2 protein chains.
Amino acid sequence: MDLKEILQKSDLRIFVIFLLLISVTLVFAQEKKGIPYPAGYRGWAHIKSMLIFDEKHPLYNPFGGLHHIYVNAKGLTAYRKGGSFPDGTVIVFDLLETKMDQGAYVEGSRKFIGVMQKDSKKFKETGGWGFDAFEKDTKNSSVKDGGKSCFNCHTSQKEKDYVFSNYRL
Amino acid sequence: MDLKEILQKSDLRIFVIFLLLISVTLVFAQEKKGIPYPAGYRGWAHIKSMLIFDEKHPLYNPFGGLHHIYVNAKGLTAYRKGGSFPDGTVIVFDLLETKMDQGAYVEGSRKFIGVMQKDSKKFKETGGWGFDAFEKDTKNSSVKDGGKSCFNCHTSQKEKDYVFSNYRL
């Protein structure tokens, strides 16, 4: 192998390393748009609940079922007192199937959780909120558009810092 | 007024004071059976929910509506891991009216809250639990029999330390 060959092979190696670095950067940038699974949210404060039972309800698909809204300690004061939510707020929309039992709706398995996380710099393009969802009881993110579709609907609540729910006393 | 009369009046005063002391003691003993209003329970962990909507449901009267179960920090581990609840546990049954809106049940005003407080010495006669209820948004106790009627129904759950609800994951 002469010097020229060695240099060519080195170039190839450098090129491959360069490609790898780009891929890692892209994956990282992609991940930055997601939201970590909100571990421990079932111990957080409960804001309100609602049961969408009729297919004719405009939100039945995909929100049919009994949902509960939870918030971490950082966001609770804003829910109670009004005003915008501080960075670090995490809100969880926990959607459950329901079963009819003798004239009552009881809670069934989880359909998915929707999550909003406030970070006014990171999620500047979507009102300061990142959006994500986790199917059933998994911890795998299932929102593929960086939360743009979620945000589209939440823009109607711009005056309430893009949050639909109100704290029930 | 001679000495005899003065003594008789003194006796009367002592008797009246004695009666007053007895009354205060009795009121105090009565209050000891009650439970303080569970201040701040809306920030506690949420165990589960259920909506009883049909009059035919055996518990519709008085439990018709959407109820949520909350527990204070002391009782949360027992809910999650099983076993009996430690003294100091407070469980709240928060019952709300519901309103129908476009094929959904939304939360209405509060009917009452039911409260269980664990104190194995103080409430020895009712499984170690004190029971009370507070109508609507008031903080006035409304259980008049020291919780015996509540306990009668809860005895069916003796194996679960007299608690009906199970923690929903």
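**Exercise 1.** With the side chain of which residue does the side chain of Glu107(B) make a polar contact of 2.9 Å? Place Glu107(B) in the predicted model and describe its surroundings.

*Solution.*
Step 1. The partner at 2.9 Å is Arg168(A), and the contact is made between the two side chains.
Step 2. Glu107(B) belongs to strand β4 of chain B, which covers residues 104-118.
Step 3. A further polar contact, of 2.7 Å, connects the side chain of Glu107(B) with that of His68(B).
Step 4. When neighbours within four places in sequence are set aside, the residues in contact with Glu107(B) include Lys48(A), Ser49(A) and Arg168(A) from chain A, and Leu66(B), His68(B) and Leu96(B) from chain B.
Step 5. The relative accessibility of Glu107(B) is 15%. The limit for a buried residue is under 20%, so Glu107(B) counts as buried.

**Exercise 2.** Determine which salt bridges Arg168(B) forms with Asp94(A) and Glu107(A), and where the partners lie.

*Solution.*
Step 1. Arg168(B) and Asp94(A) form a salt bridge through their side chains, with an N to O distance of 3.4 Å.
Step 2. This pair crosses between chains: Asp94(A) is in strand β3 (residues 90-100) of chain A, whereas Arg168(B) is in the segment after α4 (148-154) of chain B.
Step 3. Arg168(B) also meets the side chain of Glu107(A) in a salt bridge, at 2.9 Å from N to O.
Step 4. Because Glu107(A) lies in strand β4 (residues 104-118) of chain A and Arg168(B) in the segment after α4 of chain B, this pair joins two chains.
Step 5. As to accessibility, Asp94(A) is buried at 0% relative accessible area, Arg168(B) is buried at 9%, and Glu107(A) is buried at 14%.

**Exercise 3.** Is Asp137(A), the salt-bridge partner of Arg110(A), buried or exposed? Characterise the pair and identify the network that contains it.

*Solution.*
Step 1. The closest N and O atoms of Asp137(A) and Arg110(A) are 2.8 Å apart in their salt bridge.
Step 2. The two residues are 27 residues apart and link distant parts of the chain, Asp137(A) being in the loop between β5 (129-135) and α4 (148-154) of chain A and Arg110(A) in strand β4 of chain A.
Step 3. Asp137(A) has a relative accessibility of 55% and therefore counts as exposed, while Arg110(A), at 11%, counts as buried.
Step 4. A network of salt bridges links Asp94(A), Glu107(A), Arg110(A), Asp137(A) and Arg168(B).
Step 5. Over all chains, the count of salt bridges is ten.

Conventions: Residues are numbered from 1 along each chain as its sequence is written. Chains are lettered from A and ligands numbered from 1 in the order in which they are written. This is a predicted model: local features need pLDDT of at least 70, side-chain atom pairs count only at pLDDT 80 or more; totals for chains, interfaces and linings use all residues. Side-chain values use heavy atoms; hydrogens and water are left out. A salt bridge is a side-chain nitrogen of Lys or Arg within 4 Å of a carboxyl oxygen of Asp or Glu. Helices (H or I, at least four residues) and strands (E, at least two) are DSSP runs, numbered from the N terminus. Buried means under 20% relative accessible area, exposed over 50%, partly exposed in between (1.4 Å probe, protein chains only). A polar contact is a pair of N or O atoms within 3.5 Å; within protein, one must be able to donate a hydrogen and the other to accept it, and residues adjacent in sequence count only if both atoms are side-chain atoms. Contact means heavy atoms within 4.5 Å.
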